[in-house]
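Please look over the sequence and the model below before reading on. The paragraphs that follow start with the sheet and its strands, and then turn to turns, side chains and the chain as a whole.

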Amino acid sequence: MNEEFELQKRIASADPGRDAPELDHTLVTRASLGKPRRLFGFRGLRLGLGVGSISLAVTAVALAITLPAVMTPSPLFTVANSSGGGEKLSSDAESSSDMAESSLYWPGWISYEYNAGPAVSATTGNGQVFQGNLVGEPLEILKEMSILFGVTGEPIRDEWSDDSYPSYSITEENASLSIYWSGTGTWSFSNWTNYQDDCAEDATETLNDEFQSCEPQPTPELIPSASELRSETVSLLQAMGLDFQADSITIYRDDWGAYASLPYLTEGIDSGLQTYLNWGMDGQLTYFSSHSIELVARGSFDTVSALDSVSRISEGRWYGNPPKRFYQGLESRMAADSRMASDGQRADANGVEAQSDSYDPQDGSEPTTDSDANQIDEPLVVEDPKQNNEPEIIQLTVERAEATMLSVWDSSGNYWLVPGYVLFNDQGWFDSVISLEEGVIELPEPMVMLPMDDDQRGPAISEMID
């Protein structure tokens, strides 16, 4: 027995590989990435075909598994399900929002098909991506505001505040200061005056003292002029240390009040956010809100062409919010079209002679109206909505595109600025889509609206596609 054990011990000690180091499992992969040694001659090639073919097969599999994971960068961020704006909600607010969204009712079933016109460019490009970071301390900002607006008191943490989305405020009578330290760090001052409306007795209610007709009387003489409003706006912006361009301030004034709006800039870059100021009927400042973020460059990335962006409209996942100037331009065009339509209707009314109805005063018969005729000659037919589940197809042609920066919210409530296009169609409105190439950012799952079933009585159902 001892002789057999001694023999096994001698055989083990004679093993030349017993002290060899343990090889790392990535050795084959790393070796394949090194400079290969050339083999010359038929003999070396013949020997390599047998053993080398196995090694090459293992290496190919290892490269296929490891290289894509190493060389493909992670997405910058994941786009939120709804990118179109607003602060990230707290958990309680999100719960309420989900309940409201689940009860949405879609009265129609319409499908839009987008086509690119000949003027839409096929040229690709490149653009910067910026991330919004909070700047400053919320309580220090509230302190500066309290000094500027003369609101006394200590800041308190709001009852709806939580650790993820903290908010603070100072309240004194009708004046209030608030700041939300998440997203874009939105802060605001508000001071709502209790207006004393002029009341006059209604002649029809003179017998009852309980009824009076009260309505506010405008006092345009108390509202500062447009130049005075602009000057006050500049002073307030400077006092709060905001970056701005004076020529970008928009002033609106009427007999009932005034407001000013302008883009929120960081280092001269339009962030896509807005600063607002408002004055009441007595000419006093009633509202002032802005933000506390800076834009940090996260890199330059390739972008697809405007032509390729057209197909992204229908996906619904590439949406980004354009600067306000695009909406202002759209509102101006809609107002102009409305005025033209009104002028045309008045012209038609003035140019058409009044037509008398068929009425014979001798027999005392009443004139016959068109509605009466329809009820007699054409029975009313009500279509069953369950009989038509096919969507109405509307064709849209994108006539031109304008490159711009779009604001996007990520799934964690952070604010981003990314390159994109505003695509104007032949129906007079536009869509705005992100132009980054696939993989730079992670998109939410697409959502599809399903038509109403025959037996379905509630709203249409939205489902996520895997």
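Two strands are taken to pair here if DSSP finds at least two bridges between them. With that in mind, and remembering that this is a predicted model, one can trace an open sheet of eight strands in the order β3-β4-β5-β6-β12-β11-β10-β9, with antiparallel pairing. The edge strands are β3 and β9 (250-254), each of which pairs on one side only. In general, the strands of a sheet pair through backbone hydrogen bonds, in either a parallel or an antiparallel manner.

Starting from the β3 edge, strand β3 (residues 156-157) is joined by two bridges to strand β4 (residues 167-172), and the two run antiparallel; across this pairing, R157 stands opposite Y168 in β4. On to the next neighbour, β4 pairs with strand β5 (residues 175-180) in the antiparallel sense over six bridges, and here E172 has A175 in β5 as its bridge partner. β5 in turn pairs with strand β6 (residues 187-191), again in the antiparallel sense, over five bridges. Two residue pairs help to locate this pairing in the model: I179 stands opposite W187 in β6, and A175 stands opposite N191 in β6. A175 therefore has a bridge partner in E172 as well as one in N191, given that strands pair through bridges.

Strand β6 then meets β12 through four bridges, with the two strands running antiparallel, and S190 stands opposite Y287 in β12. How many of the five residues of β6 are buried? Four of them are, and the strand is mostly covered. Helix α5 (residues 138-149) lies across β4, β5, β6 and β12 (285-290), and runs at about 155 degrees to β5. Ring pairs also link F149, W187, F189 and F288 into a cluster; W187 is the residue already met opposite I179.

The turns of the sheet deserve a separate look. In general, most residues other than glycine have a negative phi. E173, which is not a glycine, nevertheless has a positive phi of about 55 degrees; E173 lies in the loop between β4 and β5, two strands that form a hairpin with two residues between them. At 78% relative accessibility, E173 counts as exposed, because that value is over the 50% cut-off. The hairpin of β5 and β6 has six residues between its strands, and in its turn G183 has a positive phi of about 60 degrees. Further along the chain, E267 is a residue other than glycine with a positive phi, near 55 degrees, and is placed in the loop between β10 (257-266) and β11 (269-279). E267 counts as exposed too, at 75% relative accessibility.

Is the glycine in the loop between β11 and β12, G283, buried or exposed? G283 is buried, with a relative accessible area of 11%. Leaving aside residues up to four places away in sequence, G283 touches L222, I223 and P224. The C-alpha atoms of G283 and A258 are separated by 8.2 Å, although the two residues are 25 positions apart along the chain.

Among the side chains, the structure holds 12 aromatic pairs. One of them is formed by W409 and Y415, which meet edge-to-face, with 5.3 Å from centre to centre and 75 degrees between the planes. Both partners are buried: W409 has a relative accessible area of 7%, and Y415 has one of 1%. Rings also meet charged groups in this model: the charged end of R312 sits over the ring of W318, 3.5 Å from its centre, and the charged end of R400 sits over the ring of F424, 3.8 Å from its centre.

Finally, the chain can be viewed as a whole. Its secondary structure comes to nine helices and 18 strands, and 28% of its 466 residues count as buried. Of the contacts in the chain with a separation of 6 or more, 64% are accounted for by residues 24 or more positions apart. The chain exposes about 31,100 Å², of which carbon and sulfur atoms supply 52%.

Definitions and conventions
Residues are numbered from 1 along each chain as its sequence is written. This is a predicted model: local features need pLDDT of at least 70, side-chain atom pairs count only at pLDDT 80 or more; totals for chains, interfaces and linings use all residues. Side-chain values use heavy atoms; hydrogens and water are left out. Contact means heavy atoms within 4.5 Å. Axes are lines fitted to C-alpha atoms, for helices over the stretch in contact, and angles run from 0 to 180 degrees between N-to-C directions. Rings of Phe, Tyr and Trp (its six-membered ring) pair if their centres lie within 6.5 Å; planes under 30 degrees apart count as stacked, over 60 as edge-to-face and the rest as tilted. Buried means under 20% relative accessible area, exposed over 50%, partly exposed in between (1.4 Å probe, protein chains only). A charge sits over a ring if NZ of Lys or CZ of Arg is within 6 Å of the ring centre and within 35 degrees of the ring normal. Accessible areas come from the Shrake-Rupley method with a 1.4 Å probe; for residues, only the protein chains shown count as cover.
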